[in-house]
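Trainee: I've got a new chain to look at. Could you walk me through it?

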Amino acid sequence: MFRIKICGITRTSDALSAVEAGADAIGLNFYAGSKRYVTPENAQPIADVAGESASIVGVFVNSP
């Protein structure tokens, strides 16, 4: 069995598209040095779009 995770989601519309396409998880990047960085405030609405349909995975680099 395969599980599919789409990483680097930065917009709610992209999260919705990923979930509608059948993604099992979406990845949010919390590393400020990344061009795909999202703030926690911006991440919440993106995570809300996934609802119960997909898991949310966070990417962190050298973070306490």
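Trainee: In what order do the elements of the chain run from the N terminus on?

Mentor: Keep in mind that this is a predicted model. The secondary structure comes to 2 helices and 3 strands. Reading from the N terminus on, the order is β-α-β-α-β.

Trainee: How does the radius of gyration of the chain sit against the globule rule?

Mentor: For 64 residues the globule rule gives 11 Å, and the chain is close to that, so it is as compact as a globular protein of that length. The C-alpha atoms fill a box of roughly 30 × 25 × 20 Å along the principal axes. The radius of gyration itself is 11 Å.

Trainee: Let's zoom in on N29. Is N29 buried or exposed?

Mentor: First, place N29: it belongs to strand 2, which covers residues 25–29. Its relative accessibility is 15%, and buried means under 20%. So N29 counts as buried.

Trainee: Which side chain does the side chain of N29 join in a polar contact?

Mentor: The N29 side chain also has a polar atom 2.8 Å from the backbone nitrogen of Y31, but that partner is backbone. For a side-chain partner, look for the polar contact of 3.2 Å. That one is with S34.

Trainee: Leaving aside neighbours within four places in sequence, which residues is N29 in contact with?

Mentor: S34, the side-chain polar partner of N29, is on the list. With those neighbours left aside, the contacts of N29 are S34, R36, Y37, V38 and V59.

Notes:
Residues numbered from 1 in each chain as written. Predicted model: local features only at pLDDT ≥ 70, side-chain atom pairs only at ≥ 80, totals over all residues. Heavy atoms only, no water. Helix = DSSP H or I, 4+ residues; strand = E, 2+ residues; numbered from the N terminus. Buried < 20%, exposed > 50% of the residue type's maximum accessible area, 1.4 Å probe, protein only. Polar contact = N/O pair within 3.5 Å; in protein donor to acceptor, adjacent residues only side chain to side chain. Contact = heavy atoms within 4.5 Å. Rg over C-alpha atoms; globule rule 2.2 N^0.38 Å.
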